[in-house]
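Visitor: I should like to take a close look at a single part of this model and then follow its connections outward. Please keep to what can be read from the coordinates.

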Amino acid sequence: MKVLVVGANGRVGSHLVDKLVKNGHFVYAGTRRDNLTSNSTNIRYVHIDLLASADVIAENMYDAEAIFFVAGSRGKDLLKIDLKGAVNVMRAAESKNIKRFIMLSSVFSLEPDKWDQAFLKDLTNYNIAKHFADHWLINNTKLDYTILQPGVLKEEPGSGTIDVNIDYPGENAIENVVDTLVQIVQDRNTIGKVITMKDGKTPIAEALLNL
């Protein structure tokens, strides 16, 4: 497929671009920087400014067939980037008739009663932004969405095994999150699903197949 990764220079996005290419996809790597190039013929950097309007964002989506939204402000501009920026990418996708939309969110963002669990109590403002962005995707678009909600991200090798639909937040190797995102774009049974996850015991493909 031809896919657009919004947030291609981030902790998750940079690994996601590489893994998508390894799996045979062509990647439009969306970043606010406009001077990046790649040695790979399967990666094209494109300028995606999440502070821009939906119409401007749409201009650089080209012929993508699916969109991964893995961008974030790291807490610096939650309303303009994590919420409004995400919504504008959704609106741009609909204007370009790009149906498949995969959102990287935060564990339990749609369940405020769980925000006092573990580390989540320190992320309330972030979860508020993700809460309303996720709600917009579900209730205000007709996109074929999947929302992936991992807990805290760890910079360490992945096990290739996860737990989904969890009751309590846990740690997530970034590699496991990336491999799950790549599997999601291949599995149509994930469409219309909100998937909570943490590192666990079930192979990723099997965990998603059994949702």
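Is tyrosine 62 buried, partly exposed or exposed, by its relative accessibility? Please describe this residue closely, together with its surroundings.

Guide: The model is a predicted one, and the description below should be read accordingly. Tyrosine 62 has a relative accessibility of 33% and therefore counts as partly exposed. The residue is placed in the loop between α2 and β4. Its backbone deserves attention as well: although tyrosine 62 is not a glycine, its phi is positive, at about 50°.

The ring of tyrosine 62 has neighbours of two kinds, one charged and one aromatic. Arginine 44 lies over the face of tyrosine 62, at 4.2 Å from the ring centre. For the aromatic side, a search of the whole structure finds 2 aromatic pairs. Phenylalanine 26 and tyrosine 28 form an edge-to-face pair, with 5.1 Å from centre to centre and 75° between the planes. Tyrosine 28 and tyrosine 62 form a stacked pair, with a centre-to-centre distance of 5.4 Å and 20° between the planes. Tyrosine 28 lies in strand β2 (residues 26-31), whereas tyrosine 62 lies in the loop between α2 (54-59) and β4 (66-69), so the pair ties together parts that are 34 residues apart in sequence. Phe26, Tyr28 and Tyr62 form one aromatic cluster. Within that cluster, tyrosine 28 counts as buried because its relative accessibility is 5%, under the 20% limit, while tyrosine 62 is partly exposed at 33%.

Both features of tyrosine 62 have a counterpart elsewhere in the chain. A charge over a ring recurs at phenylalanine 108, where lysine 114 lies over the face at 4.5 Å from the ring centre. A positive phi in a residue that is not a glycine recurs at alanine 118, with a value of about 45°. Alanine 118 is placed in the loop between β5 (100-104) and α4, and at 30% relative accessibility it counts as partly exposed.

The helix α4 leads to a buried polar residue. Asparagine 127 is in helix α4, which spans residues 124-139, and its relative accessible area is 0%, so it counts as buried. Leaving aside its neighbours within four places in sequence, asparagine 127 is in contact with Ser106, Val107, Ser109, Trp115 and Leu120.

A second asparagine may be described in the same terms. Asparagine 88 is in helix α3, residues 78-95, and counts as buried at 3% relative accessibility. Its side chain reaches the backbone oxygen of alanine 52 at 3.3 Å. The side chain of asparagine 88 is also joined to that of arginine 91 by a polar contact of 3.0 Å. Not counting residues up to four places away in sequence, asparagine 88 touches Ala52, Ser53, Ala54 and Ile57.

Several of the elements named so far meet again at the largest pocket, in which about 1100 Å³ of space lies. Of the 36 residues that line this pocket, the closest to its centre are Val70, Ala71, Gly72, Ser73 and Arg74. Each of α1 (11-22), β2, α3 and α4 supplies at least two residues of the lining. The largest share, 3 residues, comes from α3. Strand β2, which holds tyrosine 28, is thus linked to the pocket lining as well as to the aromatic pair.

For an outward point of reference, valine 177 may be set against arginine 44, the residue over the ring of tyrosine 62. The C-alpha atoms of valine 177 and arginine 44 are separated by 23 Å, and the two residues are 133 residues apart along the chain. Valine 177 is in helix α5, residues 174-186, and it counts as buried because its relative accessible area is 0%. Not counting residues up to four places away in sequence, valine 177 touches Leu104, Leu148, Pro150, Leu153, Asn172 and Met197.

To return to the residue in question, tyrosine 62 is partly exposed, has a positive phi, stacks with tyrosine 28 and has arginine 44 over its face.

Note on methods:
Residues are numbered from 1 along each chain as its sequence is written. This is a predicted model: local features need pLDDT of at least 70, side-chain atom pairs count only at pLDDT 80 or more; totals for chains, interfaces and linings use all residues. Side-chain values use heavy atoms; hydrogens and water are left out. Helices (H or I, at least four residues) and strands (E, at least two) are DSSP runs, numbered from the N terminus. Buried means under 20% relative accessible area, exposed over 50%, partly exposed in between (1.4 Å probe, protein chains only). A polar contact is a pair of N or O atoms within 3.5 Å; within protein, one must be able to donate a hydrogen and the other to accept it, and residues adjacent in sequence count only if both atoms are side-chain atoms. Contact means heavy atoms within 4.5 Å. Rings of Phe, Tyr and Trp (its six-membered ring) pair if their centres lie within 6.5 Å; planes under 30 degrees apart count as stacked, over 60 as edge-to-face and the rest as tilted. A charge sits over a ring if NZ of Lys or CZ of Arg is within 6 Å of the ring centre and within 35 degrees of the ring normal. On a 1 Å grid over the protein atoms alone, a cavity is a set of points where a 1.4 Å probe fits but cannot get out, and a pocket is an open set with protein on both sides within 12 Å along at least five of seven lines; lining residues have an atom within 4 Å of a point. Grid points are joined across faces, edges and corners, and a volume is the space filled by probe spheres set on the points.
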